[in-house]
Structure formats: structure tokens, C-alpha cells
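Thanks for coming. I will take a few minutes to walk through one model, and you can follow along on the screen.

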Amino acid sequence: MKVHEYQAKAILRQSGVPVPRGGLAETPPDAARVAAEIGGPVAVKAQVHAGGRGKAGGIRLASSPAEAERVAGEMLGMRLVTHQTGPQGVLVRKLLVEEASKIQSELYLGLVIDRAAEMLVMMASEAGGVDIEEVAARSPEKVLKAYIDPATGFQPFMGRRLAYGLNLDSGQIRVAGDLMAALYRACVEKDCSLAEINPLAVTGDGRLLALDAKLNFDDNALYRHPDLVEMRDTSEEASLEVEASRHGISYIKLDGNIGCMVNGAGLAMATMDVIKLAGGEPANFLDVGGGASATQVSNALQILMADPQVKAVLINIFGGITRCDVVAQGILEAAKGLKIGVPVVIRLAGTRVREGMDLLGSSGLPFTLATDLADGARRAVAAAG
């Protein structure tokens, strides 16, 4: 789950990370009020779940409350198009108005999970203000790393080493170490999968300030954080992904035209690979779960049918915990109350596969039954044209 910048900064502030003074604005008068409370120049920042806002006109400066109100009027309701939104852009509904800072330099600081090392790794770089992926590709020596053993946590020496590597002044070393410890604390306490400050600014008066903040949270841990769940902004998410989450279905929209329904994440990835090997493109990742019920399967098929991009569907189920005849019943239940306007190719294997295939074969519905996954992928690709 993602949150907006203003929400991420509120969380970091509670953990001790210094952030600029600011406030949320949902109307132009709100922007004027916040700017007046701050006094002096302010930055007006679009609150969307996408990077690249500055280059797209989503961050603008205002020197007075009146100008902040005018700028807010121009930004609210606009569709912001960045390299992460696609050509359709995203609607700007909220703004963060915060004090403008005199920046001496911009740094990068972030925490991610290194799954190979099975540890959190803190990354820091003097090349802040741009995507860390670009820095890693062009100048990997500028990305400093500290691996954090979960048994011991973030240690002061790690902060000092990273701070010295950033060429900070001697008086800033301890401050930077405390800031890194605070970021680590927020990341662990809130079960973050990503905690990023980019840029971390060194101001003209020598302060360290988080000018931007991005926090992503592990969905599997949200049951421990009802306060975070309340921060979820479903208007920033794909509607089909929101609908899938309501039914406990793992679904991610992709760019292809072959809808996939699979049980198990590994099998789902393999199914997508085989579709590509057959010359097609998957329209989604969809995992109904290892123990999916007939209702779950029915809900998943309805989600696939709601995507106008889907030209054919491949259902690939391995019956382990889930019985193939239960899956077949779910497909038939969905077909009764749903207009299925695209070809559906079904491959079943495992527990009670014969009963499941018999149910589908005798239904009189125009399903194509595949003998194996490769056969199913070829048929789905052909059906999608």
C-alpha cells in the first residue's frame, strides 16, 4: 500500500525525521491559509501516487498567500502526466503546501528489502533529486549501502560511515546518523517495504531536511496497522485492483490482452511466461489463492470480464488444496450471471481433474478445454488474435 507525501512526512515526523512545515490543501483558499500560517515563500506540491512530479508541473513555488491560492486553483483538478502515470495521467485532488527551503545540496536516503541477503539495506548517495536507479546504472560507486541485521538493528557506526561517505560537514555527521536511525525506526515499526527520502536536502543554514518522502507498506502486515489502512486512497489505485482486494484476490493490471486466472503466485508467474513464449501478452497477474472457493473463482472471472482490454482468458488451475471440480463449479456459476464476450480457455490439473473437466464439458458453454499449459497458452493467444 502507498500513501501520499503529506502522510509519509507526518509518519516520519513522529519518528524524529526533520521535515518542512506544511499543511494539506484541498481548495485554493486552503492553500492561501496554509501559506499565510507558514509565512514566506512556499512550495505547492501535487499529491499523487507517482514520481516525476516536478518535471511535469506538479510542484510550483509561490511567494505569497495570494499566489499560492492562484497556483492551487490551476493545479487542483488538472491531470498530471509523468513517466510513471502513463499518457492518461492522474487527477490532482490534494496539494501539500510547505515552506520553501534554500537548498545547498540534495542527497538520497532510502531503505529497501534485499531479498537475497534477507536484510534491510540502507542506501545513501550524494546524487539526490533523481531516480536512484539512474544513479546506480550510471555511477554505481555513488550509491553507498549498509546492510542491517534484523537481530541487531541499525547501529550508530552505520550512520557515521554513510554520513562520512556523503561528504557531510563534521557537525552534520551525528545529525545525519540520528536521522538515518529515525528513518529505520519508522520503516520497521510501520512494516514498510520501502522508505525513501529523495531529496534529503542540506539547506543553506546547514540543516538536513526531508524535502520529499515515499513510504510503501507490506499489505500482509496491514492488519497490525489500522491507522495506516485509514490512509489508503483508493482513488489513486486502478479500480479493478481495488475491487480484487475487496474479495481477497491478488490482482495487478498489465498491458496485454490475455486475461489470466491462476491459483498460486508461482504458477501465475509461470503462466504469464508461457503466454509470452507463445507470442502473447498477459493482461494481468491474478492469483485466486491456493484454497480458492467457487465464489472466489466466480469473483475473479467477473474482474477479468470487466477489463475491456481482455480479448481472451486463460484459466490455469492446479488442484492441490483447491479441487478442480470446485473451480469448475465457480466458473459455471460466474457464467450464469455474467456475459462472457471473449473466448475462455481452461486448463485443469490435479485433484478431481476428471470431475472438473466433465462438468465443464457437459455444460454446453463455449469453453475451450486444453490438454496442458502449453496447449492452453497457444489456444489463448490464437483466440486473442
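Where does R207 lie? R207 sits in a loop, the one that connects strand 10 (192-203) to strand 11 (208-210). Before I go further with that residue, please keep in mind that this is a predicted model.

How exposed is R207? Its relative accessibility is 39%, and because buried means under 20% and exposed means over 50%, R207 counts as partly exposed. The side chain of R207 makes a polar contact with the side chain of D205, at 3.3 Å. If we set aside residues up to four places away in sequence, R207 touches A201 and V202. There is also V175, which is 32 residues from R207 in sequence, while the C-alpha atoms of the two are 8.7 Å apart in space.

Now the overall picture. The protein has 385 residues, and 49% of them are buried. It contains 13 helices and 18 strands. The C-alpha trace spans about 75 × 50 × 40 Å along the principal axes. Taking contacts between residues at least 6 apart in sequence, 67% join residues at least 24 apart.

Next, some backbone details. Most residues other than glycine have a negative phi, and most peptide bonds are trans. Which peptide bond is cis, with omega of about 10 degrees? That is the bond joining N198 and P199. P199 belongs to strand 10, and strand 10 leads into the loop that holds R207.

On phi, two residues deserve a mention. E118 is not a glycine, yet its phi is positive, about 60 degrees. E118 is in the loop between strand 7 (103-114) and strand 8 (119-125). D191 is not a glycine either, and its phi is positive at about 55 degrees. D191 is in the loop between helix 6 (170-189) and strand 10.

Are these two residues buried or exposed? E118 has a relative accessible area of 66%, so it is exposed. D191 has a relative accessible area of 17%, so it is buried.

Let me turn to helix packing. Two packed helices are described by the angle between their axes and the distance between the axes. I will show three pairs.

The first pair on my list is helix 5 (residues 156-165) with helix 6, the helix that precedes the D191 loop. Their axes are 8 Å apart and the packing angle is about 120 degrees. The two helices are therefore oblique to each other, and their crossing is right-handed. Helix 5 contributes G159, R160, L162, A163 and Y164 to the contact, and helix 6 contributes I173, A176, G177 and M180. Sorted by class, that contact between helix 5 and helix 6 has six nonpolar residues, two polar and one charged.

Next comes helix 9 (residues 265-277) with helix 13 (residues 373-384). The axes come within 9 Å and cross at roughly 55 degrees. Helix 9 and helix 13 are therefore oblique, and helix 9 passes helix 13 in a right-handed crossing. On the helix 9 side the contact is made by T271, V274 and I275, and on the helix 13 side by L373, A374, A377 and V381. What classes do those residues fall into? Six are nonpolar, one is polar and none is charged.

T271 of helix 9 is worth a pause. With a relative accessible area of 0%, T271 is buried. Leaving out neighbours within four places in sequence, T271 is in contact with V262, L314, N316 and L373. One of these, N316, makes a polar contact with T271, side chain to side chain, at 2.8 Å.

The remaining pair is helix 10 (residues 294-305) with helix 11 (residues 324-337). How do their axes cross? They come within 7 Å, at roughly 45 degrees. Helix 10 and helix 11 are therefore oblique to each other, and helix 10 passes helix 11 in a right-handed crossing. The contact residues from helix 10 are A294, V297, S298 and L301. From helix 11 they are V326, V327, Q329, G330, I331, E333 and A334. By class, the contact of helix 10 with helix 11 comes to seven nonpolar residues, three polar and one charged.

That is where I stop. Thank you.

Key. Residues are numbered from 1 along each chain as its sequence is written. This is a predicted model: local features need pLDDT of at least 70, side-chain atom pairs count only at pLDDT 80 or more; totals for chains, interfaces and linings use all residues. Side-chain values use heavy atoms; hydrogens and water are left out. Axes are lines fitted to C-alpha atoms, for helices over the stretch in contact, and angles run from 0 to 180 degrees between N-to-C directions. Helices (H or I, at least four residues) and strands (E, at least two) are DSSP runs, numbered from the N terminus. Angles under 35 degrees count as roughly parallel, over 145 as roughly antiparallel, 65 to 115 as roughly perpendicular and the rest as oblique. A crossing is left-handed if the near helix is turned anticlockwise from the far one by less than a right angle, and right-handed if clockwise. Contact means heavy atoms within 4.5 Å. Ala, Val, Leu, Ile, Met, Phe, Trp, Tyr, Cys and Pro count as nonpolar, Asp, Glu, Lys and Arg as charged, and the others, Gly among them, as polar. Buried means under 20% relative accessible area, exposed over 50%, partly exposed in between (1.4 Å probe, protein chains only). A polar contact is a pair of N or O atoms within 3.5 Å; within protein, one must be able to donate a hydrogen and the other to accept it, and residues adjacent in sequence count only if both atoms are side-chain atoms.
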